[in-house]
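Reader: I am new to this structure and would like a close look at one part of it, the sheet in chain B. Please then connect that part to the rest.

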Amino acid sequence: MSRLLQWIFGRLPIGWLQLTHKRGRFLAALSGVAFANVLVFVQLGIMNSMGTATLRPYEFFSADIMISASDANALAEGGNVARQWMLQAFADPDVTAGMGLFVSNVPWDRGGKDISFTTFGIDPAEPGFLAPEIAGKIALLQVQDVAILDRLARGLTRDEAAAIRPQTPLSFETQNRTLTALDTFAGGGGFGGDGFMFISDQTFLSLFPSRSSGAPDHILLRVRPGADVAAVTSRLRGLISDPTLRIRSYADAAQEDLRYQQMQRPTGLIFGFGVLIGVLVGLVIVYQVLSADVADHLREYATFKAMGYGSRFFLGIVVEEALILGILGFLPGLAVGTAILTLMGKVTALPLGMTASMAIMVFVGTVVFSVLSGTFATRRLAAADPADLF
Amino acid sequence: MGSNMIVEARGLSHWFGDGEARKQALFDIDLALPRGSLTVLMGPSGSGKTTVLTLLGCLRGVQNGTVGLLGHELHGASEAELTALRQRLGFIFQSHNLHESLTAMQNVIMGVQVRPGVPDELARSAATQALGLVGLSDRLDYLPANLSGGQKQRVAVARALVGNPALVLADEPTAALDKDSAATIIDMLKRLGAERGTTTLLVTHDNRILDRADRILTLEDGRIVSIAGGT
């Protein structure tokens with residue numbers, strides 16, 4: 001390692017030699033950096049997971065434009081939209097199809113282990129509005145009280161989910177009715193529910209008698225192939241006379257939901273602060289280690305100053321130490337962070353895990369913030385006055 | 001400055017502190033060190049010996065008077081100029097000031113590496129030779145913690161001399177050494193003076209050294225009060 005660093009820096013790797021001279025302190029410093037990395041990884045993992053979980057239900061559908069109530073910040077939030085606006089939208093020549101989408105949470109009492117499905121009520125005659133995996137099974141929903149269940153839902157065992165087929169359906173009680181699951185799809189647990197479920201709009205209205213077929217939660221629209229979605233959306237805003245409605249492209253609706261979850265919901269802010277705290281902890285640890293190291297070697301540094309070494313040399317030593325701490329601390333942080341995220345993903349059924357982009361981002365951040373800490377620590381070098389050596 | 005003079009100071013005065021606390025440490029010092037000479041600077045504590053060393057060693061800025069060092073005027077010199085000049089000097093401190101994380105060899109290499117562009121192999125070879133001169137060929141890879149006080153001081157001497165400096169400034173270099181080691185060091189400085197023209201200014205209270213000095217300057221209260229053995 002010494003030879004490699006000597007080759008890289010073109011001088012004795014004094015930073016490395018200093019750090020490894022006191023191995024106990026070096027290991028403690030690496031553990032501190034690794035700990036800060038783990039903190040950031042876990043918080044980032046949860047934030048990413050929230051993003052993935054937020055966007056996941058949007059992937060179940062295939063639409064170009066979504067009309068929602070003014071307070072519908074998320075797919076499962078907000079008031080209803082009158083179906084008449086869908087008919088109004090058809091007045092635009094580029095709008096080719098529409099479907100009302102009902103959304104609500106449906107509990108399933110499993111005897112002390114209740115789970116909750118974010119449930120979509122859809123028109124079984126409109127498979128074009130669904131992702132291929134679900135569209136292929138939608139015909140089953142034409143039968144009243146039939147459901148397609150999320151096989152990755154939290155609280156549903158994998159064996160139990162795998163057994164669900166039209167030949168071996170799974171029936172369960174909810175909202176004083178019996179639903180029969182005939183098939184499954186891959187959804188996944190989220191922060192608002194344990195999983196997802198598809199039923200027909202008629203079954204949905206049976207489960208929720210207070211809801212009206214004329215007022216779905218959202219209206220999904222498809223436009224003519226090649227049509228400009230932004231232009232159609234803009235025209236619809238002029239065409240539909242209710243100014244309180246949110247008429248957005250489907251992609252924008254998904255992104256706005258994501259921003260809302262990350263920036264306005266307490267959970268998103270908490271995880272964001274978690275990342276910030278991880279970064280600050282890392283900064284403080286590296287600064288403390290380097291600052292103490294500089295203080296410990298002030299006399300040696302003063303000697304080097306007397307010998308004619310300039311400020312760039314000392315900055316180089318501290319940056320070398322910062323890079324070593326940042327890089328070597330990152331590796332165990334990555335390993336432990338990956339293990340924790342994997343474990344958390346298995347326990348919670350949330351889409352938690354290490355991603356390459358997350359690892360690269362944290363690595364670059366670790367190196368940058370370590371060097372920043374090191375640069376701050378060099379201010380203590382001013383106290384190394386070679387004139388005091390005599 | 002005479003061509004044979006490594007250092008030539010004229011009217012050198014120096015003060016410490018500000019305002020009411022301002023105190024003059026040196027008074028109108030005139031001093032010249034010929035190339036290859038070994039000069040001993042003596043005097044009681046507080047007489048200004050250390051101040052002279054730090055001024056000639058470019059470790060403090062010259063406030064008043066002129067100091068010519070290796071052909072450069074130190075009065076008004078920039079920090080970068082002073083740093084560059086220090087690379088041509090050798091310092092031996094009373095305390096060895098070795099870097100605890102570096103081996104004897106690595107500590108001495110630091111004395112060569114300060115000059116950019118010195119190949120690694122050349123630096124190692126020079127360091128090995130310098131440690132051989134001070135009798136530590138068998139301690140190249142020892143950390144300071146594993147060396148005796150005298151051995152550490154000899155490593156510090158090797159570090160000061162490895163770059164073949166034009167001027168060596170030494171503060172009580174033999175204080176931690178036994179009689180033989182002290183004699184070896186002083187003989188080596190004398191020999192370097194004769195062979196390479198290395199000039200040495202040495203602060204000491206060690207009477208064993210006085211008879212080997214070319215000149216002895218005595219400072220009292222910031223003034224040179226006597227010069228023995230030369231001008």
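Author: The answer begins with the sheet and then moves on to its surroundings and to chain A.

The model is predicted, so local features need pLDDT of at least 70 and side-chain atom pairs count only at pLDDT 80 or more, while totals for chains, interfaces and linings use all residues. Residues are numbered from 1 along each chain as its sequence is written, chains are lettered from A and ligands numbered from 1 in the order in which they are written, and side-chain values use heavy atoms, with hydrogens and water left out.

The sheet in chain B is open and has 6 strands, in the order β6-β7-β8-β3-β9-β10, with mixed pairing. Strands here are DSSP runs of E with at least two residues, helices are runs of H or I with at least four, and both are numbered from the N terminus. Two strands pair if DSSP finds at least two bridges between them. At the edges are β6 (89-92) and β10 (223-228) of chain B, each of which pairs on one side only. From one strand to the next the twist averages 20°.

Within this sheet, β3 (residues 38-42) and β8 (residues 199-203) of chain B are parallel and share 4 bridges. B:L41 is opposite B:V203 of β8(B). Helix α1 (residues 49-56) of chain B lies across β3, β6, β7 (167-171), β8 and β9 (215-220) of chain B, and its direction is at about 150° to β8(B). Axes are lines fitted to C-alpha atoms, for helices over the stretch in contact, and angles run from 0 to 180 degrees between N-to-C directions. Contact means heavy atoms within 4.5 Å.

The loop between β6 and α3 (104-113) of chain B holds B:N97. B:N97 has a positive phi near 55° although this residue is not a glycine. B:N97 is also buried, with a relative accessible area of 6%. Buried means under 20% relative accessible area, exposed over 50%, and partly exposed in between (1.4 Å probe, protein chains only).

Chain B also meets chain A: 29 residues of chain B are in contact with 24 residues of chain A. The area buried between the two chains is about 2500 Å², and carbon and sulfur atoms give 63% of that area. Such buried area is the accessible area (1.4 Å probe) that two parts lose on being put together, summed over both. On the chain B side, B:H99, B:E100 and B:M110 lose the most area to chain A, together 23% of what that side buries.

Chain A has paired strands as well. From β1 (residues 65-68) of chain A, A:I65 and A:I67 point one way and A:M66 and A:S68 the other, and all are buried. β1(A) runs antiparallel to β8 (residues 218-223) of chain A, with 4 bridges between them, and A:M66 has A:L220 as its bridge partner there. β1(A) is likewise antiparallel to β9 (residues 246-249) of chain A, again through 4 bridges, with A:I67 opposite A:I247.

Chain A, too, has a positive phi outside glycine, about 65° at A:D145. A:D145 is in the loop between α5 (132-135) and β4 (146-150) of chain A, and is buried at a relative accessible area of 14%.
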